[in-house]
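Student: Hi! I'm new to this one and would like a friendly walk through it. Could you start me off?
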Amino acid sequence: MVAPPPEPICVLVADDEAPARQRLIDLLQRDRFVAKILDAANGEAAVEVIESEHPDLVFLDIQMPELDGLGVVDAIGPEQMPLTVFVTAYDQHAIRAFEANALDYLLKPFSDERLEASMARVKARLDERSVREFGQRVLRMVSASPAAAKRLDRLVVKSGGTTRFVRVADIDWIEAAGVYVNLHVGEKELLYRAALNELAEKLDSLRFIRVHRSAIVNIESILQLEPLSHGEFEAVLKNGSRARVSRTYRALLEKRLGQSL
């Protein structure tokens, strides 16, 4: 008995670099297996497209500003993610974790033949109908990543010739300030020389929640949430500050709370 041909699929290409995104689109357009191609220029847009269009396959760039590839997986939920091929500029040593856990990865710059091999794996996996298995493996990968093991409990803040030690648990919220961040500790505001994304990877995700592309909040400091328009909220904190909870990051807060807002 001859097996029926695979059903055409919808593919999302998420990459913040327009040339890289377009090259993937051009190559995928040659594949008769691909019926529809969507694209997203950043992580937030990728989350919105996945939630609204439910693509069968996502080519997901790992390194994107604000919300990176793994952040997209976290926002959607590993078990709800479509089949995903990570696209990365990491070297061979850095991608070993992805090689062991993801459906596939493309190392930039990749050849046409490498993409064809990746699509062959995609077609085989879709035939197996094992999307849930992939989600479970990504969940294990995220929870076992090296970054998850390195949680900061003190921050060294240098200012005016002095060095101050700030307990991470005392920070109410953190906001982006150009290439650095402002730490809000009670009524004090301290400049810390690190990018928001970089700092977020080293914080305890059970305590600190990304609520906006430019803000991270200590969940222990939230007094209440006040609804705004379009599904957004404003978090009122113990120190009197207010931080906006954007619609994109609302899902992360709901996941942490284990209930809907």
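Tutor: Happy to. One term will help with the strands: two strands pair if DSSP finds at least two bridges between them. Also keep in mind that this is a predicted model.

Student: Okay, so how many bridges join β14 to β15?
Tutor: Four bridges join strand β14, residues 233-237, to β15, and the two run antiparallel. Phe-233 stands opposite Val-245 in β15, and Glu-234 stands opposite Arg-244.

Student: And what about β13 and β14, how many bridges there?
Tutor: Five bridges join β13 to β14, again antiparallel. One pair to look for is Gln-224 with its bridge partner Val-236 in β14.

Student: What order do the strands of that sheet come in?
Tutor: The order is β13-β14-β15, three strands in an open sheet with antiparallel pairing. β13 (222-227) and β15 (242-245) are at the edges with a single partner strand each, so one side of each has no neighbour in the sheet. On average, neighbouring strands here are turned by 25° against each other, direction ignored.

Student: Is β14 mostly covered or mostly open?
Tutor: β14 is mostly covered, with four of its five residues buried.

Student: Which residues in the turns should I look at?
Tutor: Try His-230 in the hairpin of β13 and β14: the turn has five residues between the strands, and His-230 has a positive phi of about 60°. In the hairpin of β14 and β15, four residues lie between the strands, and Gly-240 takes a positive phi near 90°.

Student: Let's zoom out. How many helices and strands are in the protein chain?
Tutor: The protein chain has nine helices and 15 strands. It has 261 residues, and 43% of them count as buried.

Student: What does the chain expose?
Tutor: About 14000 Å², with carbon and sulfur atoms supplying 49% of that.

Student: Now the inside. Which residues have the most contacts in the largest nonpolar core?
Tutor: Those are Leu-12, Ile-50, Leu-60 and Val-72, in a core of 23 residues. Several elements each supply at least two residues of this core: β1 (9-14), β2 (34-40), α2 (43-53), β3 (57-61), α3 (69-76) and α9 (247-257). There is also a second, separate core of 21 residues, which includes Val-34, Leu-83, Phe-110 and Leu-115.

Student: Why would nonpolar side chains be buried together?
Tutor: As a general tendency, nonpolar side chains in soluble globular proteins are buried together.

Student: Back to Leu-60, what does it touch?
Tutor: Leaving out residues up to four places away in sequence, Leu-60 touches Ala-14, Gly-69, Val-72, Val-73, Met-81, Thr-84, Val-85, Phe-86 and Val-87.

Student: Some of those look like they belong to α3. Which residues of α3 are buried?
Tutor: Gly-69, Gly-71, Val-72, Val-73, Ala-75 and Ile-76 are buried in α3. That makes α3 mostly covered, at six of its eight residues. Just after α3 comes Gly-77, with a positive phi of about 100°.

Student: Last topic: how does the chain score on pLDDT?
Tutor: The protein chain averages a pLDDT of 83, and 84% of the residues score at least 70.

Student: Where does pLDDT stay under 50?
Tutor: Residues 1-5 are one such stretch, and there the model has zero contacts beyond four places in sequence.

Technical notes. Residues are numbered from 1 along each chain as its sequence is written. This is a predicted model: local features need pLDDT of at least 70, side-chain atom pairs count only at pLDDT 80 or more; totals for chains, interfaces and linings use all residues. Side-chain values use heavy atoms; hydrogens and water are left out. Buried means under 20% relative accessible area, exposed over 50%, partly exposed in between (1.4 Å probe, protein chains only). Accessible areas come from the Shrake-Rupley method with a 1.4 Å probe; for residues, only the protein chains shown count as cover. A nonpolar core is a set of buried Ala, Val, Leu, Ile, Met, Phe, Trp, Tyr and Cys residues joined through side-chain atoms within 4.5 Å. Contact means heavy atoms within 4.5 Å. Axes are lines fitted to C-alpha atoms, for helices over the stretch in contact, and angles run from 0 to 180 degrees between N-to-C directions. pLDDT is the predictor's confidence in each residue, from 0 to 100.
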